[in-house]
Amino acid sequence: MTRFTIPRDVYFGENALDQLASISGKRAMLVVGSERLKKDGTVAKIQTLLAKAGIQSDTFSGIEADPSIATVMKGVEAMNSFSPDWIIGIGGGSPIDAAKAMWIFYEHPDFTFEEAAKPFSLPELRHKARFIAIPTTSGTGSEVTAFSIITDQDSGIKYPIADYNITPDMAILDTSLVASMTPTLVADTGMDALTHAIEAYTSTVSNPITDGLAIKAIQMVIDNLLNSYQGDAAARVNVHIAQCLAGMAFSNAILGAVHSMAHKTGRILDIAHGRANAIYLTYVTQFNAKTAPQKYAEIAKYIGLSGKNDEEQVSLLLGRIKKLRSDLSMPSSLKEFGTDEKAFLSQLPELAKAAVADPCTGTNPRPVSEEEMVKLFKAVYYGAEVTF
């Protein structure tokens with residue numbers, strides 16, 4: 001038996017935020033990352049809509065780019081004082097992920113982070129509050145996923161919390177909220193969405209439902225991301241919807257080695273998650289396609305590439321991804337990104353070990369040993385062909 005879980009309600013399009021005026025409840029805690037959302041009136045608009053529904057609201061802000069355990073616990077303290085029956089995560093993946101983690105410990109104060117980090121082991125939620133996610137970037141898909149990524153600031157390692165209990169009750173994709181994204185943010189989050197979709201489609205636990213969502217997301221991102229990066233409003237809307245489809249796919253099909261590597265290197269190498277994915281994606285695809293080329297060849301066909309066999313299709317797909325990455329002015333290797341070689345090599349054994357142990361490696365279409373992961377990281381650093 002296979003399970004497929006997404007939010008009960010997904011509202012999307014222009015003025016989707018208006019749905020907040022119709023929900024039932026007493027108090028809502030807004031978890032916000034960016035001060036921009038306060039300055040541009042987004043938070044005030046959300047609070048006004050909640051007030052129309054008769055809901056009092058408070059705000060917990062200041063979520064860092066890689067939300068930490070300490071920040072999560074501060075948010076829990078605020079929730080304990082305010083007693084919300086709605087928790088609303090607003091922003092990119094970081095504040096939504098942080099809000100999900102806060103939700104866990106608000107509902108279960110005696111639970112430990114070590115217990116939460118065990119995949120699919122959370123106790124039941126929704127005894128105290130329900131959850132709404134409102135994304136303001138187009139990449140993480142966190143508004144529809146069963147995941148939360150929290151960072152241990154002492155070690156720098158990112159830990160994925162995975163459990164269907166933290167799938168939001170409602171996702172609101174108001175397309176006006178992504179209109180002011182910077183080109184760099186469009187590129188980083190868009191390539192994150194593309195990676196989500198490709199890894200979901202090629203996952204060892206994918207299924208026909210996740211495949212349909214993933215392939216449509218791939219098509220939409222490939223067709224629209226560059227135009228969105230260049231400022232086209234319609235393309236920006238399409239990518240925002242596409243990243244949600246990708247989120248639905250990977251929340252149920254899990255991911256692969258690209259994300260295993262990105263989870264373990266983001267803070268340590270000081271590289272944005274989506275940018276790391278953009279760099280790693282072609283190398284991992286090349287590695288995986290040596291033993292499992294079929295689904296990569298299918299992706300190539302779905303986006304209109306015509307090769308004579310699987311090998312040619314994979315090559316064309318790699319070329320298409322590389323061109324998109326280049327058109328988005330993104331680096332093609334960690335060396336080009338500016339990562340210090342000596343520092344990288346000194347940390348490589350531990351990075352490889354941690355990446356292999358990451359849960360996403362378990363659904364990668366090709367098994368990866370620590371020795372192979374070291375080689376893969378080296379290829380990524382130097383921009384070398386993957387020949388093993």
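**Reading helix packing, sheet order and burial**

Analyst: Start with one detail: helices H11 and H12 cross in the left-handed sense. Keep in mind that this is a predicted model.

User: How do I read such a crossing, and at what angle do the axes of H11 and H12 cross?

Analyst: Packed helix pairs are described by two things, the angle between the axes and the distance between them. Here helix H11 covers residues 294–302 and helix H12 covers residues 310–327. Their axes come within 8 Å and cross at roughly 60°.

User: Which residues in H11 meet which in H12?

Analyst: From H11 come Gln294, Tyr296, Ala297, Ile299, Ala300 and Lys301. From H12 come Asp310, Gln313, Val314 and Leu317. By type, the residues of this contact divide into 6 nonpolar, 2 polar and 2 charged.

User: Step back to the whole chain. How many helices and strands does it have?

Analyst: The count is 15 helices and 8 strands. The radius of gyration is 20 Å, and the globule rule gives 21 Å for 388 residues, so the chain is as compact as a globular protein of that length. Along its principal axes, the C-alpha trace spans about 60 × 45 × 40 Å.

User: What share of the chain is buried, and what share of the contacts joins residues at least 24 apart?

Analyst: Buried residues make up 57% of the 388. For contacts, take those between residues at least 6 apart in sequence; 77% of them join residues at least 24 apart.

User: Now the sheet. In what order do the strands lie?

Analyst: Read across the sheet, not along the sequence. The order is S1-S8-S5-S4-S2-S3. These 6 strands form an open sheet with parallel pairing. An open sheet has edges: here they are S1 (9–13) and S3 (56–60), each paired on one side only. From one strand to the next, the twist averages 15°.

User: Which strands pair with S5, and over how many bridges?

Analyst: Go from bridge to bridge. S4 (residues 86–91) pairs with S5 (residues 130–135) in the parallel sense over 6 bridges. Two examples show the register: Ile88 has Ile132 as its bridge partner in S5, and Gly89 stands opposite Ala133. S8 also runs parallel to S5, joined to it by 2 bridges. On that side, Ile132 stands opposite Met170 in S8. Ile132 thus appears in both pairings, opposite Ile88 and opposite Met170.

User: Is S5 mostly covered or mostly open?

Analyst: S5 is mostly covered, with 5 of its 6 residues buried.

User: Which helices lie across the sheet strands?

Analyst: Look for a helix in contact with several strands, then check its direction. Helix H3 (residues 69–82) lies across S2 (27–32), S3 and S4. H3 runs at about 160° to S3. Helix H8 (residues 233–253) lies across S1, S5 and S8 (170–174). Its angle to S8 is about 155°.

User: Take single residues next. Is Thr189 buried or exposed?

Analyst: Compare the relative accessible area with the cut-off: under 20% counts as buried. Thr189 has 10%, so it is buried. Thr189 lies in helix H6 (residues 183–202). Beyond its neighbours within four places in sequence, Thr189 contacts Thr137, Ser138, Gly139 and Met181. For a distance check, Thr5 is 184 residues away along the chain, and the two C-alpha atoms are separated by 23 Å.

User: What about His196: which residues does it contact?

Analyst: His196 is also found in H6. At 3% relative accessibility, His196 counts as buried. Again leaving aside neighbours within four places, its contacts are Gly139, Thr140, Ala246, Phe250, Leu255 and His259. Gly139 is in contact with His196 and also with Thr189.

User: Last topic, the backbone. Where do Arg126 and Ser329 lie, and what are their phi values?

Analyst: Check the sign of phi, then the residue type. Arg126 has a positive phi of about 75° although it is not a glycine. Arg126 lies in the loop between helix H5 (113–116) and S5. Ser329 is not a glycine either, and its phi is positive at about 60°. Ser329 sits in the loop between H12 and helix H13 (334–337).

User: How exposed are Arg126 and Ser329?

Analyst: Arg126 is partly exposed, with a relative accessible area of 32%. Ser329 is exposed, at 53%.

Methods:
Residues numbered from 1 in each chain as written. Predicted model: local features only at pLDDT ≥ 70, side-chain atom pairs only at ≥ 80, totals over all residues. Heavy atoms only, no water. Pairing = 2+ DSSP bridges. Helix = DSSP H or I, 4+ residues; strand = E, 2+ residues; numbered from the N terminus. Axes fitted to C-alpha atoms, helices over the stretch in contact; angles between N-to-C directions. Contact = heavy atoms within 4.5 Å. Left-handed = near helix turned anticlockwise from the far one by under 90°. Nonpolar A, V, L, I, M, F, W, Y, C, P; charged D, E, K, R; others polar. Rg over C-alpha atoms; globule rule 2.2 N^0.38 Å. Buried < 20%, exposed > 50% of the residue type's maximum accessible area, 1.4 Å probe, protein only.
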